[in-house]
Amino acid sequence: MATVTRTSVIDDIDGSDNAKTIRYSIGRSHYEIDLGPENTEKLYEALAPFIKKSRKATSGRETSRIDQTKVREWAKEQGIEISDRGRLPKGLEKQYREAHA
């Protein structure tokens, strides 16, 4: 005899079945909510005027990449001892970003 276990995602607003998780961010806060098709449509309709005027944001990965050669050059200009290879010392990337903000 086989056992089948099924997981059902329920809409957080009205309790309906067939919900999907919607993730979104506002400011520095990230959220997720489970919504069925009807409430998903309502959410998108409510956000439509804002999305229409918005621009795509770069991902955190894209913005976190930093040219290590430039960081090393900057560090040497600041009198910070740093090797030409290997990992950047802890905190150096943060110093570089703050100096170039």
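Which side chain meets Glu93 in a salt bridge? Select Glu93 and Arg97 and you have the pair, at 3.0 Å from N to O. Before going further, keep in mind that you are looking at a predicted model.

**Stop 1: helix 4**

Stay with that pair and colour residues 92-99, which make up helix 4. Glu93 and Arg97 sit 4 residues apart there, so about one helical turn separates them. Neither end is buried: Glu93 is partly exposed at 30% relative accessible area, and Arg97 is partly exposed too, at 33%.

Now add Lys94 and Glu98. Their side chains form a salt bridge as well, with an N to O distance of 4.0 Å. The spacing is again 4 residues within helix 4, or about one helical turn. Both Lys94 and Glu98 are exposed.

**Stop 2: helix 1**

Next, select residues 37-52, which is helix 1. Pick out Glu38 and Lys42: their side chains meet in a salt bridge at 3.7 Å, N to O. How many residues apart are they in the helix? The spacing is 4, which puts about one helical turn between Glu38 and Lys42. Glu38 counts as exposed at 53% relative accessibility, while Lys42 is partly exposed at 47%. If you want to hunt for the rest, the structure holds 5 salt bridges, the ones on this tour among them.

**Stop 3: a charge without a partner**

Jump to helix 3, residues 68-77, and select Arg72. Is Arg72 buried or exposed? It is buried, and yet it has no salt bridge. Show Asp84 as sticks: this is the nearest side chain of opposite charge, and it is 6.3 Å away. A salt bridge here needs a side-chain nitrogen within 4 Å of a carboxyl oxygen, so the Arg72 and Asp84 side chains do not make one.

Then bring up the neighbours of Arg72. Leaving out residues up to four places away in sequence, Arg72 touches Ile82, Ser83, Asp84, Arg85, Gly86, Arg87 and Leu88. Asp84 is therefore on the contact list, where heavy atoms within 4.5 Å are enough, even though its side chain is no salt-bridge partner for Arg72.

**Stop 4: the far end of helix 3**

While helix 3 is on screen, select Glu77, which lies in it. Glu77 counts as exposed, at 65% relative accessibility. Now select Val4 and draw a distance between the two C-alpha atoms: it comes to 65 Å, for residues 73 places apart in sequence.

**Stop 5: the largest pocket**

Turn on a pocket surface, or simply select Arg23, Tyr24, Ser25, Ile26 and Leu47. Of the 15 residues lining the largest pocket, these lie nearest its centre. What is the volume of the largest pocket? About 540 Å³. Colour strand 1 (20-26) and helix 1 to see where some of the lining comes from: each supplies at least two residues. By type, the lining of the largest pocket splits into 9 nonpolar, 4 polar and 2 charged residues.

**Stop 6: an unusual backbone angle**

Finish in the segment before strand 1, where you will find Asn18. Check its phi: Asn18 has a positive value of about 65 degrees, although it is not a glycine. Asn18 is also exposed, with a relative accessible area of 64%.

Key: Residues numbered from 1 in each chain as written. Predicted model: local features only at pLDDT ≥ 70, side-chain atom pairs only at ≥ 80, totals over all residues. Heavy atoms only, no water. Buried < 20%, exposed > 50% of the residue type's maximum accessible area, 1.4 Å probe, protein only. Lys, Arg positive; Asp, Glu negative; His and termini not counted. 1 Å grid on protein atoms, 1.4 Å probe; cavity = no way out; pocket = protein on both sides within 12 Å on 5 of 7 lines; lining within 4 Å. Points joined across faces, edges and corners; volume = space filled by probe spheres on them. Nonpolar A, V, L, I, M, F, W, Y, C, P; charged D, E, K, R; others polar.
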